[in-house]
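The following report describes selected features of one protein model. Please examine the sequence and the structure before reading on.

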Amino acid sequence: MSLPHLMTLDPPYELGDEAATFTFGGWTEVDDEDAPNVTLTINGRPAPVQVYPRPQVRNHFPGIQVRGVIATVDFADLLAGIDLQQARGGFLIEAELGSDHRSRVFEYAVSPGWMRRVFGDGPRARAVPPAHLQIRVAGAAAGEYNRTGEAAAKRLEALADAAGFSLARGQNVLDFGCGPGRLISALAPRHPSVRFHGADIDAEAIAWAQAALADFGAFTVNPHLPPLPYADEVFDLIFSLSTFTHMPEDHQFAWLDELRRVLKPGALLVTTIMNPFAYDLPAKIMEQAADTGFAYWDDAAETEGLPSFYRLAYHTHDYVRRHWARGFEVLAIGGHDLNDTQDSVLLRRV
Ligand SMILES: C[S@@+](CC[C@H](N)C(=O)[O-])C[C@H]1O[C@@H](n2cnc3c(N)ncnc32)[C@H](O)[C@@H]1O
């Protein structure tokens with residue numbers, strides 16, 4: 001898995017009503033401590049930033065050069081006249097820390113009171129799930145939850161489009177394994193005529209989505225094994241990002257059959273498998289996969305809040321072509337094309 005650059009800005013990840021000014025603090029690796037080249041932009045606007053020594057961080061990561069970073073921002077001043085049109089799904093702060101060739105974006109949710117204070121009558125604040133729900137679906141890069149979700153949503157949309165399933169037509173779309181609705185909150189504002197549904201086993205994530213994203217889609221909890229609470233042949237398109245990468249083989253087959261049941265004939269399922277070069281897979285997994293094409297890593301770390309069956313599954317392309325063509329035509333398998341870590345799989349229901 002590609003590691004984020006060694007740089008951080010500290011939480012809080014939500015700016016409350018009173019935070020008209022805020023001091024961003026953190027540290028970053030630099031090429032040269034004596035001539036650091038550190039920048040900070042807030043939603044594209046350059047912010048004044050100061051650097052200072054952080055020997056204790058440098059001692060923690062021997063061999064790298066480090067500078068502390070501090071920037072106090074008056075938001076009304078810095079963001080005056082900013083184009084708010086892009087914030088269709090709701091506004092949030094994107095702070096991009098740059099250091100020589102490195103850069104990383106950190107997201108800060110804002111409260112409705114913060115929006116009124118800084119912009120007066122502006123767009124709404126973006127609904128962002130609490131940090132532990134972000135971490136549950138997006139791993140350690142919690143500060144980039146929306147950004148990585150936007151990128152994945154755009155990619156899924158482009159893949160569906162290329163296969164003849166343009167969202168512009170306004171269809172019935174399911175996000176299976178939607179978590180707290182990250183993809184739907186990226187797609188729904190762009191496609192108001194699509195009826196989005198989200199299903200997940202994670203009751204806490206679904207409760208959050210039902211409360212925060214009700215105008216974007218209909219969210220429901222589903223059991224660990226089928227059925228889903230939908231009638232036969234209702235969906236034109238199903239997205240399922242990074243779900244089959246976490247299921248044992250018997251669950252996988254049960255869910256492939258169930259997704260087929262709720263898809264219309266000829267409709268499309270876009271899902272993903274792990275790319276072996278993006279993950280540090282243990283030798284025994286690669287050996288097992290060399291034998292059968294499938295490996296389930298049942299001693300991989302558990303994920304807080306999810307059931308113990310939820311570990312890591314690895315599939316070879318050949319396995320997918322042979323075993324997933326049960327009621328589906330395997331249209332295409334991508335190469336390292338989703339979230340920097342996964343390969344897309346496009347299945348057409350026959
Ligand atoms: C890595 S997360 C990805 C979440 C979401 N697709 C996204 O990209 O933001 C995997 C999700 O799959 C869900 N999941 C795993 N097995 C499932 C199942 N059998 N039915 C529904 N959801 C499942 C988990 O609860 C979790 O929310």
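## Helix 3 and its surroundings

In this predicted model, Gly-120 adopts a positive phi of about 70° just after helix 3. The helix itself spans residues 112-119, and its buried residues are Gly-113, Trp-114, Met-115, Val-118 and Phe-119. These buried residues pack against strand 2, helix 2 (75-78), strand 8 (93-99) and strand 9.

## The five-stranded sheet

Strands 2, 8 and 9, against which helix 3 packs, also belong to an open sheet of five strands. The strand order is 2-9-8-4-5, and the pairing is mixed. Strand 2 (14-15) and strand 5 (45-47) form the edges, each pairing on one side only.

Strand 2 runs parallel to strand 9 (residues 102-110), and two bridges join them. Across this pairing, Glu-14 stands opposite Ala-109 of strand 9.

## Strand 3 and its partners

Strand 3 covers residues 21-30 and is mostly covered, with eight of its 10 residues buried. Strand 1 (residues 7-9) runs antiparallel to strand 3 and is joined to it by three bridges; here Thr-8 has Trp-27 as its bridge partner.

Strand 3 is also antiparallel to strand 7 (residues 65-74), with 10 bridges between the two. Within that pairing, Gly-25 is partnered by Ile-70 of strand 7.

## The largest nonpolar core

The largest nonpolar core comprises 31 residues, and Leu-174, Leu-228, Ile-238 and Trp-324 are those with the most contacts inside it. Several elements each supply at least two residues of this core, among them strand 10 (172-176), strand 13 (235-240), strand 14 (263-274), helix 10 (317-323) and strand 18 (342-349). Helix 8 (249-262) is another such contributor, and its five residues are the largest share of the core.

Leaving aside residues up to four places away in sequence, Trp-324 touches Phe-244, Gln-252, Leu-256, Thr-271, Ile-273, His-315, Tyr-319, Val-330, Val-345 and Leu-347.

## Internal cavities

A search of the whole structure yields two cavities of 30 Å³ or more. The second largest cavity holds about 30 Å³ of space.

Its lining consists of Ala-127, Pro-129, Tyr-145, Asn-146, Pro-180, Gly-181, Ser-185, Trp-208 and Leu-213. Classified by residue type, the lining of the second largest cavity contains six nonpolar and three polar residues, with no charged residues.

Conventions: Residues are numbered from 1 along each chain as its sequence is written. This is a predicted model: local features need pLDDT of at least 70, side-chain atom pairs count only at pLDDT 80 or more; totals for chains, interfaces and linings use all residues. Side-chain values use heavy atoms; hydrogens and water are left out. Two strands pair if DSSP finds at least two bridges between them. Helices (H or I, at least four residues) and strands (E, at least two) are DSSP runs, numbered from the N terminus. A nonpolar core is a set of buried Ala, Val, Leu, Ile, Met, Phe, Trp, Tyr and Cys residues joined through side-chain atoms within 4.5 Å. Buried means under 20% relative accessible area, exposed over 50%, partly exposed in between (1.4 Å probe, protein chains only). Contact means heavy atoms within 4.5 Å. On a 1 Å grid over the protein atoms alone, a cavity is a set of points where a 1.4 Å probe fits but cannot get out, and a pocket is an open set with protein on both sides within 12 Å along at least five of seven lines; lining residues have an atom within 4 Å of a point. Grid points are joined across faces, edges and corners, and a volume is the space filled by probe spheres set on the points. Ala, Val, Leu, Ile, Met, Phe, Trp, Tyr, Cys and Pro count as nonpolar, Asp, Glu, Lys and Arg as charged, and the others, Gly among them, as polar.
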